[in-house]
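User: I'm new to this structure and would like a close look at one part of it. Could you walk me through the charged side chains and what they pair with?

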Amino acid sequence: MSDHVTKTIQKWHASFKKGTDFDSWGQLVEAIDEYQILARQLQKEVQSSNSHDFTEEQKKTLGKFATCLEMRSAALQCTQSQEEFKLEDLKKLEPIIKNILTYNKDFPFDVQPVPLRKILAPGEEENLEEELDAGTGAGSTPSFPSRVPGTLLPRLPSEPGLTLLTLTIEKIGLKDAGQCIDPYITVSVKDLNGIDLNPVQDTPVATHKEDTYIHFSVDVEIQKHLEKLPKGAAIFFEFKHYKPKKRFTSTKCFAFMEMDEIKPGPIVIELYKKPTDFKRKKLNLLTKKPLFLHLNQTLHKD
């Protein structure tokens, strides 16, 4: 066994312990972050066709482990009482991640590896689209597993004199709204250089479509008190949808809201053509039609 594999397993185990410790201490935002980071690392290993560090059976086990992390993460984000994946269930999996190379028992839970859709970085998808459109040949479309969106985080604890923002994403107007498959919105907060100031969050897939509108009706909790955001920060909304022919999730357009636009009540903001420009320097409107992203803002201050 190579040092590289040993270090990788130790890193995974440490991340798992960190997540379950946060979870048991009631630090849910940190636990969710840790679970999701580890789940992505495991899924990356499972999907890698170049990696020969683990057998196919071990990769299947890692995929199931990632599913359990996603399930616990989802349970922490869900406010409704429903069948939950409990912390004590997750802790039963520790011997697996610690001893993945020698583990040979049945997986303790009846789960399947989460099918993950490839989500591409801004600009990466345009390059891939160009390659595919250039005619790489029938049957050569890359087969990416699918990723289920929905990584919304709970509201932060209130602090005296500081303001928290809840954004309700009501709907988005698009001329081809009815043709978008599995649409969702990625919400991020960036500084002037496009650097993340908060954990990035994905909404669940839209609830329904109606004429030129896709409806979400979902609350997104901004993960920093407004007074702690630097000057020039902005909140970005990237509208994404699945392209079955090309088998990946693509950004269709984006919108953003600057700090001086934050005030209680409804707001409509303009849509811009991809690729997402987090530095806000080269902006091109998506359409001249009166189609926008519709939001409602709620401010919470103690």
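Analyst: Here is a walk through the salt bridges, followed by a few spots along the chain that are worth a look. Keep in mind that this is a predicted model.

A search of the whole structure turns up eight salt bridges. Let's take three of them, starting with R72 and D23, whose closest N and O atoms are 2.8 Å apart. R72 sits in helix α3 (residues 56-77) and D23 in helix α1, so this pair ties together parts that are 49 residues apart in sequence. Both ends are tucked away: R72 counts as buried at 8% relative accessibility, and D23 counts as buried at 7%.

While we're at α1, have a look at its neighbour. The axes of α1 (residues 3-25) and α2 (residues 28-47) come within 8 Å and cross at roughly 155 degrees. That makes the two helices roughly antiparallel, and α1 passes α2 in a left-handed crossing.

Next up is E159 with K228, where the closest N and O atoms are 3.5 Å apart. This one links distant parts of the chain, 69 residues apart: E159 is in the loop between α6 (124-133) and β1 (163-173), and K228 is in the loop between β5 and β6. Here E159 is partly exposed, at 31% relative accessible area, and K228 is partly exposed too, at 44%.

The third pair is E258 and R280, which meet at 3.0 Å, N to O. E258 belongs to strand β7 (residues 248-258) and R280 to the loop between β9 and β10, so the bridge ties together parts 22 residues apart in sequence. This pair is mixed: E258 counts as partly exposed at 29%, while R280 counts as buried at 14%.

So what about a charged residue without a salt bridge? E238, in strand β6 (residues 234-243), is buried yet has none. Its nearest side chain of opposite charge, K240, is 4.4 Å away, and a salt bridge needs the atoms within 4 Å. E238 does have a polar contact, though: its side chain is joined to that of T276 at 2.9 Å.

Close to T276 in the numbering, there is a cis peptide bond between K274 and P275, with omega about 0 degrees. P275 lies in the loop between β9 (272-273) and β10 (292-301). Most peptide bonds are trans, and most residues other than glycine have a negative phi. On that second point, look at D211, with a positive phi near 55 degrees. D211 is in the loop between β4 (208-210) and β5 (213-221) and is exposed, at 69% relative accessible area. S217, in strand β5, also has a positive phi, about 50 degrees.

Definitions and conventions. Residues numbered from 1 in each chain as written. Predicted model: local features only at pLDDT ≥ 70, side-chain atom pairs only at ≥ 80, totals over all residues. Heavy atoms only, no water. Helix = DSSP H or I, 4+ residues; strand = E, 2+ residues; numbered from the N terminus. Buried < 20%, exposed > 50% of the residue type's maximum accessible area, 1.4 Å probe, protein only. Lys, Arg positive; Asp, Glu negative; His and termini not counted. Polar contact = N/O pair within 3.5 Å; in protein donor to acceptor, adjacent residues only side chain to side chain. Axes fitted to C-alpha atoms, helices over the stretch in contact; angles between N-to-C directions. Parallel < 35°, antiparallel > 145°, perpendicular 65-115°, else oblique. Left-handed = near helix turned anticlockwise from the far one by under 90°.
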